[in-house]
Amino acid sequence: MKRQCGMLLPIASLPSKYGIGTFSKEAYDFIDMLHETGQSLWQVLPIGPTGYGDSPYQSFSTFAGNPYFIDLEKIIQEGLLTKEECDSCDWGSGSEVIEYDKIYNSRFKILKKAYKRYSVENDREFQSFFEKNSFWLKDYALFMAIKDSKGGLCWSEWEEDIRMRHAEAVSRYEEELAEEIEFYVFLQYLFQKQWRELRAYANEKNIKIIGDIPIYVSFDSVDVWANPKLFQLDERNMLVAVSGCPPDAFAADGQLWGNPLYDWEYHKNTGYRWWIDRMKALYELFDIVRIDHFRGFDEYYSIPYGDATAAGGHWEKGIGADLFRSIKRELGEAEIIAEDLGYVTDSVKKLLEDTGYPGMKILQFAFDSREEGCYMPYKYPSNCVVYTGTHDNDTIAGWYKSISAEDKAVAKMYLNNVYTPEEQIHWDYICCALATVADICIIPVQDYLGLGSEARINIPSVPSGNWKWRMKRDAFAPEIRKKIRSLAEVYGRY
């Protein structure tokens with residue numbers, strides 16, 4: 001495999017206009033920068049509609065796209081909105097932080113105006129889009145319309161008839177909320193149209209897009225409401241156990257994620273149809289898919305519903321390689337990255353070996369004694385993806401300040417950076433990652449820019465205040481671009 005390198009930057013973190021990163025000119029400029037600097041990969045994380053805590057890993061749908069990412073400037077050019085209308089909305093007080101409450105209150109309101117001015121019934125492309133995606137889109141649009149009509153309540157708090165999807169109730173809501181349902185279809189049409197154009201532009205520049213598939217779905221999602229048999233629920237479709245991670249050196253009580261767990265026996269009996277459809281839909285959006293929490297397919301941590309922490313959970317046997325054999329039969333040799341971080345057992349290693357997927361290596365873990373296992377770079381296989389850190393880690397500059405003097409001494413010896421000034425320390429770690437035998441190297445944008453903890457995207461187990469960081473406009477000055485390109489060349493990744 002050809003050695004490659006790329007960058008990690010969520011769409012939301014782009015410096016687009018109107019409060020949040022979008023599929024705007026700035027996204028195209030970012031692709032140009034990737035091409036100029038010798039990169040061939042852009043990892044964007046999940047791009048679904050965000051729910052609780054604004055996390056892309058807690059989405060209202062595993063198939064839908066995030067309406068926040070629709071470029072309003074394109075809609076202005078198409079004559080469905082005016083610049084004055086968009087400028088009059090409150091998008092937040094600054095360009096370097098996302099204020100989700102203001103985005104939520106403004107974006108749907110302004111997009112509703114565009115919808116009302118759009119001739120849906122006369123657009124064959126729109127009708128074709130709906131027909132092709134109706135297997136998930138019909139339920140999603142209905143789900144969101146009902147949720148809006150009930151002030152955003154979780155579906156488990158809806159009236160019994162619609163909560164349990166009684167046919168008469170579904171028909172009644174479809175009739176009563178017909179316009180709102182069509183509005184949500186319109187949003188997905190705009191999202192996919194703009195995203196496909198952006199992805200095509202990236203591919204023309206020889207940039208592949210890496211997207212994430214969270215292993216679990218949010219309980220408050222159309223996936224659970226419309227397909228309760230896929231999950232471990234009781235006879236009233238309520239949770240019996242939830243996902244998480246056991247206690248470790250970083251979290252004394254473990255991590256309580258709260259997602260519903262899969263009924264793997266049911267999935268197997270259906271030939272894994274939902275999973276296969278899910279993966280097919282993702283390859284309509286991305287070139288490479290990173291499967292989050294891969295070890296959960298070997299064993300998953302089950303926590304009794306209602307527990308305050310993850311400490312009382314236990315391990316259950318997962319579905320294993322059978323799922324991935326089925327996916328391969330339908331999709332062929334699709335490009336997949338397995339997020340195999342955390343405590344990796346022999347059976348997880350065997351599952352990774354059986355699938356042949358590249359696993360992940362995090363450079364920070366190699367020089368942090370709080371981490372279990374050995375992540376030293378000399379042990380990396382070529383069939384892996386190396387990162388300085390991910391969206392769940394602090395930046396290199398921030399992390400370096402947090403580790404012990406002993407860990408710093410080991411890192412300095414390994415990297416031979418005894419004389420590197422601390423403000424330049426990120427370059428030593430970037431070079432170390434690029435120099436490894438890993439086929440793929442991904443560097444978060446914040447590390448190339450040498451930013452500190454203020455630029456961290458997410459802190460696991462902290463339910464709010466995450467996913468707010470945005471990149472400054474013109475952050476990649478010419479001298480930084482030149483240096484990145486030179487490193488891609490010297491380490492044989494261009």
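**Entry 1. Cysteines**

I began with C154, which counts as buried because its relative accessibility is 16%, and the cut-off for buried is under 20%. I note here that the model is a predicted one.

Next I looked up C384. How far away is the nearest cysteine sulfur to C384? That sulfur belongs to C441 and is 9.6 Å away, and C384 is in no disulfide. A disulfide needs two cysteine sulfur atoms within 2.5 Å, so a gap of 9.6 Å does not qualify. I also checked whether C384 is buried or exposed. C384 is buried, with a relative accessible area of 2%.

I then took the count for the structure, and it comes to 0 disulfides. For my own reference, a disulfide is a covalent bond between the sulfur atoms of two cysteines.

**Entry 2. Aromatic pairs around Y357**

I counted aromatic pairs and got 50. I followed up one of them, the pair of F294 and Y357. The two ring centres are 6.2 Å apart, with 75 degrees between the planes, and the pair is edge-to-face. The cut-off for edge-to-face is over 60 degrees, so 75 degrees passes.

Where do F294 and Y357 sit in the chain? F294 is in the loop between β6 (288–291) and β7 (299–304), and Y357 is in the loop between α13 and β10. The pair links distant parts of the chain, 63 residues apart.

I looked up accessibility for both residues. F294 counts as buried at 0%. Y357 counts as buried too, at 12%.

Y357 also pairs with F324. Here the ring centres are 5.7 Å apart and the planes are at 85 degrees, so this pair is edge-to-face. F324 lies in helix α12 (residues 321–331) and Y357 in its loop between α13 and β10, so the pair ties together parts that are 33 residues apart in sequence. F324 is buried, with a relative accessible area of 4%.

**Entry 3. Charges over rings**

I looked for charged side chains placed over aromatic rings and wrote down two cases. R278 lies over the face of W275, at 4.8 Å from the ring centre. K483 lies over the face of W427, at 4.0 Å from the ring centre.

**Entry 4. The second largest pocket**

I turned to the second largest pocket, which has a volume of about 530 Å³. Its lining is made of 21 residues. Which residues lie nearest the centre of the second largest pocket? They are D340, V344, K349, K361 and C374.

I checked which elements contribute to the lining. Helix α13 (346–355) and strand β10 (359–362) each supply at least two residues. By class, the lining has 12 nonpolar, 4 polar and 5 charged residues. The loop between α13 and β10 is the place of Y357 from the second entry.

**Entry 5. Cavities**

How many cavities of 30 Å³ or more does the structure hold? I found 4.

The largest cavity has a volume of about 210 Å³. It is lined by 23 residues, and G48, S59, S61, T62 and P214 lie nearest its centre. Strand β3 (208–213) and helix α11 (273–285) each supply at least two residues of this lining. Helix α11 gives the most, with 4 residues. I sorted the lining of the largest cavity by class and got 14 nonpolar, 6 polar and 3 charged residues.

The second largest cavity has a volume of about 160 Å³. Its lining has 22 residues, of which A12, P56, F69, Y100 and W467 lie nearest the centre. The lining of the second largest cavity divides into 16 nonpolar, 4 polar and 2 charged residues.

**Entry 6. Positive phi**

Last, I looked at backbone angles. Most residues other than glycine have a negative phi. I noted two residues that go against this.

N206 is not a glycine, yet its phi is positive, near 60 degrees. N206 is in the loop between α8 (178–204) and β3. Is N206 buried or exposed? N206 is exposed, with a relative accessible area of 59%, because the cut-off for exposed is over 50%.

Y272 has a positive phi of about 60 degrees and is not a glycine either. Y272 is found in the loop between α10 (264–269) and α11. At 2% relative accessibility, Y272 counts as buried.

Conventions
Residues are numbered from 1 along each chain as its sequence is written. This is a predicted model: local features need pLDDT of at least 70, side-chain atom pairs count only at pLDDT 80 or more; totals for chains, interfaces and linings use all residues. Side-chain values use heavy atoms; hydrogens and water are left out. Buried means under 20% relative accessible area, exposed over 50%, partly exposed in between (1.4 Å probe, protein chains only). On a 1 Å grid over the protein atoms alone, a cavity is a set of points where a 1.4 Å probe fits but cannot get out, and a pocket is an open set with protein on both sides within 12 Å along at least five of seven lines; lining residues have an atom within 4 Å of a point. Grid points are joined across faces, edges and corners, and a volume is the space filled by probe spheres set on the points. Ala, Val, Leu, Ile, Met, Phe, Trp, Tyr, Cys and Pro count as nonpolar, Asp, Glu, Lys and Arg as charged, and the others, Gly among them, as polar. Rings of Phe, Tyr and Trp (its six-membered ring) pair if their centres lie within 6.5 Å; planes under 30 degrees apart count as stacked, over 60 as edge-to-face and the rest as tilted. A charge sits over a ring if NZ of Lys or CZ of Arg is within 6 Å of the ring centre and within 35 degrees of the ring normal.
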